[in-house]
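Trainee: I would like to go through this model with you, starting with the empty space inside and then the packing.

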Amino acid sequence: MSGSLTPTALARLLGQWQRGSAPAYRELADVVRLLVLDGRIPLGTALPSERTLSAILAVSRTTVTAAYASLREQGFLSSGQGTRGRTCLPRTAYTAGQERDSRAALSGAPGLAVPDGVIDLAYASLPASGEAVHQAFAAALTELPALLPGFGYDALGVPALREAIAGHYADAGVPTTAGQIMVTSGAQHALNIVLRALVGKQDKVLVEQPTYPNALDAIRATGCRMVPVPLPPAPERGWDLDSTEAALMQQRPRMAYTVPDFHNPTGRLMPDAQRLRLVRAAAAAGTVLVVDETLRAVNLDGGTTAPLASFSPAVVSIGSLSKSHWAGMRTGWIRASESLIQRFAAVRSTMDLGGPVVEQLAAAHLVRNLADPLPARLAALRENRSALLELLKLHLPRWEAERPDGGLAAWCRLPSPHSTALTVIAPELGIRLAAGPRFGVGGVFENYLRIPFTLPPDQLETAVLALRAAQDRLDAAPQLRRTLRDSPAAAIA
């Protein structure tokens with residue numbers, strides 16, 4: 001369950017919902033349905049009673065009753081006791097979770113081979129950062145002989161890398177010792193360690209809606225119950241801290257996972273004032289705040305914010321070199337209190353006994369010189385971002401792309417809920433996509449698609465032209481769009 005929505009909160013989400021072009025009950029039902037599909041109203045949320053909602057909207061109770069009835073008929077509202085139905089999605093092959101392997105193929109999940117000639121837009125990653133990675137490995141090989149007499153196992157990580165990471169945080173205004181650092185095999189490994197240490201089955205974990213899909217996969221694997229809190233849609237910026245505070249106090253989740261630095265997939269940067277509110281709200285709820293800083297270095301517009309850990313020593317930070325330098329490094333880390341690091345080390349021993357030494361030695365060189373390769377990479381990404389946004393505006397003018405402050409992708413609102421349909425037919429046209437529902441809880445975000453700008457402009461143009469061809473095919477055959485959305489497993493059987 002995702003709690004309940006007060007009449008005031010729902011009225012704020014509805015905005016100016018009456019346009020006079022259709023019966024009031026139908027307009028009200030349509031706007032609520034779109035709010036559910038966009039993830040603005042989380043699944044499992046109890047809507048206000050007919051009486052209280054009609055009073056705050058200044059409409060007749062009959063209008064609200066008819067709107068709720070329409071939502072139930074369409075499958076967007078459960079038949080709960082009385083009038084307190086809860087939001088849901090129609091039961092289709094996709095939303096029922098049928099054919100998990102087929103869903104993975106549609107969503108762009110990791111581990112799938114990409115045919116030759118297909119442009120992969122399911123990932124948002126960069127190639128290695130020029131000579132920096134090569135030079136770091138060359139230096140690491142000269143340092144390796146000194147470590148060969150040891151066993152090579154170190155659950156916390158090679159001391160040189162832990163000290164370098166601690167120095168990186170200290171330089172950013174967060175005093176840190178090497179004892180507060182654990183080196184991991186990437187950020188995903190770090191998150192899995194944190195989850196195993198902090199939460200158990202049926203515990204609640206607050207997540208942003210949308211958010212990083214591999215984090216959602218890791219949380220699902222623990223058997224936890226996710227509490228999604230929607231981000232405001234563009235053109236609004238930032239986070240909805242009113243809803244976040246309410247969810248923290250109502251649900252009291254054991255843990256909250258947030259991506260405040262160039263959020264994946266929207267590319268937003270959380271302002272300092274909101275960071276402070278978030279830290280205080282988590283502390284008041286007794287919730288451990290876990291912040292994913294993987295994209296913090298991919299700062300395209302130069303916005304400055306303090307690391308979330310600077311607001312509270314209780315924050316657990318996860319970082320990585322995957323987005324700034326190279327995903328093939330498989331080097332990440334956790335920053336936390338020394339007592340928590342020891343708990344994480346005990347949990348890690350059930351998963352592995354430590355990371356590869358050469359990669360850690362190379363990573364230490366990169367962390368100590370973190371800014372060296374970034375100016376050129378950021379300049380190229382700015383060019384790519386501009387190219388992608390212009391191409392979308394030119395070839396897909398009905399798509400609404402949110403301009404990201406940083407990160408590696410743009411979050412696009414589609415003119416109709418056909419993200420999964422695009423994902424199904426895209427490989428035929430030479431591209432691979434990650435469907436919008438992969439970024440949310442419960443199958444929402446059919447109206448959205450994430451498009452990385454990690455490729456050079458010429459390849460982005462090819463990709464956007466392919467997207468235009470896919471959009472044209474769906475526009476010409478609306479029945480195909482409905483079939484692909486409702487039964488994607490059958491579509492690729």
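Trainee: How many cavities of 30 Å³ or more does the structure hold?

Mentor: This is a predicted model, in which local features need pLDDT of at least 70, side-chain atom pairs count only at pLDDT 80 or more, and totals for chains, interfaces and linings use all residues. Residues are numbered from 1 along each chain as its sequence is written, and side-chain values use heavy atoms, with hydrogens and water left out. A cavity is a set of points, on a 1 Å grid over the protein atoms alone, where a 1.4 Å probe fits but cannot get out. Of 30 Å³ or more, the structure holds three.

Trainee: Which element gives the largest share of the lining of the largest cavity?

Mentor: That cavity holds about 100 Å³ of space, a volume being the space filled by probe spheres set on the grid points. Its lining (residues with an atom within 4 Å of a point) has 15 residues, with Leu206, Glu208, Trp239, Thr244 and Leu278 nearest the centre. Strand S3 (204–209), S4, H10 and strand S5 (255–258) each give two or more residues to this lining; helices (H or I, at least four residues) and strands (E, at least two) are DSSP runs numbered from the N terminus. The largest share, three residues, comes from S5.

Trainee: What percentage of the residues in the protein is buried?

Mentor: Buried means under 20% relative accessible area, with a 1.4 Å probe and protein chains only. The protein has 493 residues, and its elements are 18 helices and twelve strands. The buried share is 55%.

Trainee: Which element supplies the largest share of the largest nonpolar core?

Mentor: A nonpolar core is a set of buried Ala, Val, Leu, Ile, Met, Phe, Trp, Tyr and Cys residues joined through side-chain atoms within 4.5 Å. The largest has 45 residues, and Ile165, Leu289, Leu321 and Met329 touch the most other members. Its contributors of at least two residues include helix H6 (130–143), helix H7 (159–171) and strand S2 (181–184). The largest share, seven residues, comes from H13.

Trainee: Helix H14 (residues 374–395) has 22 residues; how far does it reach from its first C-alpha to its last?

Mentor: Among the buried residues of H14 are Leu374, Arg377 and His395, and their cover includes strand S10 (409–413) and helix H16 (457–476). The expected span is 1.5 Å times one less than the number of residues, here 32 Å. The reach of H14 is close to that, at 31 Å.

Terms used: Buried means under 20% relative accessible area, exposed over 50%, partly exposed in between (1.4 Å probe, protein chains only). Contact means heavy atoms within 4.5 Å. On a 1 Å grid over the protein atoms alone, a cavity is a set of points where a 1.4 Å probe fits but cannot get out, and a pocket is an open set with protein on both sides within 12 Å along at least five of seven lines; lining residues have an atom within 4 Å of a point.
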